[in-house]
Amino acid sequence: MSTLPNCPKCNSEYTYEDGNLFVCPECAYEWTAESEQEAQEEKVYRDANGNVLQDGDTVTVIKDLKVKGSSNVVKMGTKVKNIKLVDGDHDIDCKIDGFGPMQLKTEFVKKI
């Protein structure tokens, strides 16, 4: 099995090495292992309005969100303090008063 990374541009799995470069035969994109690591380290989290989010920010929920496994709803306008940004399906780990620990997506919040 190949341990080569998928193409960061088109996500093709058919990449190959050419010297110190990785090459994608489908879209002809070329990159180095160093550039791939830099791109992963520089992930920027943005709210629904495009503002950059950081750990410890306070955000507001911009639409009613159903809580999975419960009949409760996080109402629009709920303030969430001291967020923590994480990698994964949901970008924000936080605690919401009345709900406890929760994960949110950045597309459903705006920075205060």
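**Exercise 1. Strand β9 and its partners**

In β10, which residue is the bridge partner of isoleucine 92? Work outward from there to the strands on either hand and to the side chains of β9.

*Solution.* In this predicted model, the bridge partner of isoleucine 92 in β10 is leucine 104. That bridge belongs to a wider pairing, for β9 and β10 run in the antiparallel sense and are joined over five bridges. The hairpin of these two strands has three residues between them, and within this hairpin glycine 98 takes a positive phi near 90°.

The next step is to look at strand β8 (residues 84-85), which pairs with β9 in the antiparallel sense over two bridges. Here the bridge partner of leucine 85 in β9 is again isoleucine 92. The hairpin of β8 and β9 has six residues between the strands, and there glycine 88 takes a positive phi near 140°.

Last come the side chains. In a regular strand, they alternate between the two faces of the sheet. Along β9 this alternation sets Ile92, Cys94 and Ile96 on one face, where they are buried, while Asp93 and Lys95 point to the other face and are not buried.

**Exercise 2. The nonpolar core**

How many residues does the largest nonpolar core have, and which of them have the most contacts inside it? Then find the strands that supply it.

*Solution.* The largest nonpolar core has 16 residues, and those with the most contacts inside it are Val80, Ile92, Cys94 and Leu104. At least two residues of this core come from each of β4 (59-61), β9 (92-96) and β10 (100-104). The strand that gives the most is β9, with three residues.

To see the surroundings of one core member, take isoleucine 92 and leave aside its neighbours within four places in sequence: its contacts then include Leu53, Ile83, Val86, Met102 and Val109. Leucine 85 and leucine 104 are also among these contacts, and both were met above as bridge partners of isoleucine 92, leucine 85 in β8 and leucine 104 in β10.

**Exercise 3. The aromatic rings**

How many aromatic pairs does a search of the whole structure find? Describe each pair, and state how the residues sit with respect to the surface.

*Solution.* The search finds two aromatic pairs. In one of them, the rings of phenylalanine 22 and tryptophan 31 have centres 5.7 Å apart and planes at 40°, so this pair is tilted. In the other, tyrosine 29 and tryptophan 31 are stacked, with 5.6 Å from centre to centre and 20° between the planes. Taken together, the ring pairs link Phe22, Tyr29 and Trp31 into a cluster.

For the burial of each residue, the cut-off needed is that buried means under 20% relative accessible area. Tryptophan 31 has 3% and is therefore buried, and phenylalanine 22, with 11%, is buried as well. Tyrosine 29 stands at 31% relative accessibility and so counts as partly exposed.

Phenylalanine 22 itself lies in strand β2 (residues 21-23). Apart from residues up to four places away in sequence, phenylalanine 22 touches several others, including Leu4, Pro5, Tyr16 and Ala33. With proline 5 it is 17 residues apart along the chain, and the two C-alpha atoms are separated by 8.4 Å.

**Exercise 4. An open sheet and the salt bridges**

In what order do three strands form an open sheet? Continue from this sheet to the salt bridges of the structure.

*Solution.* The order is β7-β4-β11, and the pairing is antiparallel. Because β7 (79-80) and β11 (109-111) stand at the edges with a single partner strand each, one side of each is left without a neighbour in the sheet. β4 and β11 are paired over three bridges, and valine 59 stands opposite lysine 111 in β11.

Lysine 111 leads on to the salt bridges, of which the whole structure has two. Its side chain meets that of aspartate 57 at 3.5 Å, N to O. This pair links distant parts of the chain, since lysine 111 is in strand β11 and aspartate 57 in the loop between α1 (33-41) and β4, 54 residues apart. Lysine 111 is partly exposed, with a relative accessible area of 33%, whereas aspartate 57, at 13%, counts as buried.

The other salt bridge joins aspartate 89 and lysine 105, whose closest N and O atoms are 4.0 Å apart. Aspartate 89 is in the loop between β8 and β9, and lysine 105 is in the loop between β10 and β11. Aspartate 89 is exposed at 59%, while lysine 105, at 26%, counts as partly exposed.

Note on methods: Residues are numbered from 1 along each chain as its sequence is written. This is a predicted model: local features need pLDDT of at least 70, side-chain atom pairs count only at pLDDT 80 or more; totals for chains, interfaces and linings use all residues. Side-chain values use heavy atoms; hydrogens and water are left out. A nonpolar core is a set of buried Ala, Val, Leu, Ile, Met, Phe, Trp, Tyr and Cys residues joined through side-chain atoms within 4.5 Å. Buried means under 20% relative accessible area, exposed over 50%, partly exposed in between (1.4 Å probe, protein chains only). Helices (H or I, at least four residues) and strands (E, at least two) are DSSP runs, numbered from the N terminus. Contact means heavy atoms within 4.5 Å. Rings of Phe, Tyr and Trp (its six-membered ring) pair if their centres lie within 6.5 Å; planes under 30 degrees apart count as stacked, over 60 as edge-to-face and the rest as tilted. Two strands pair if DSSP finds at least two bridges between them.
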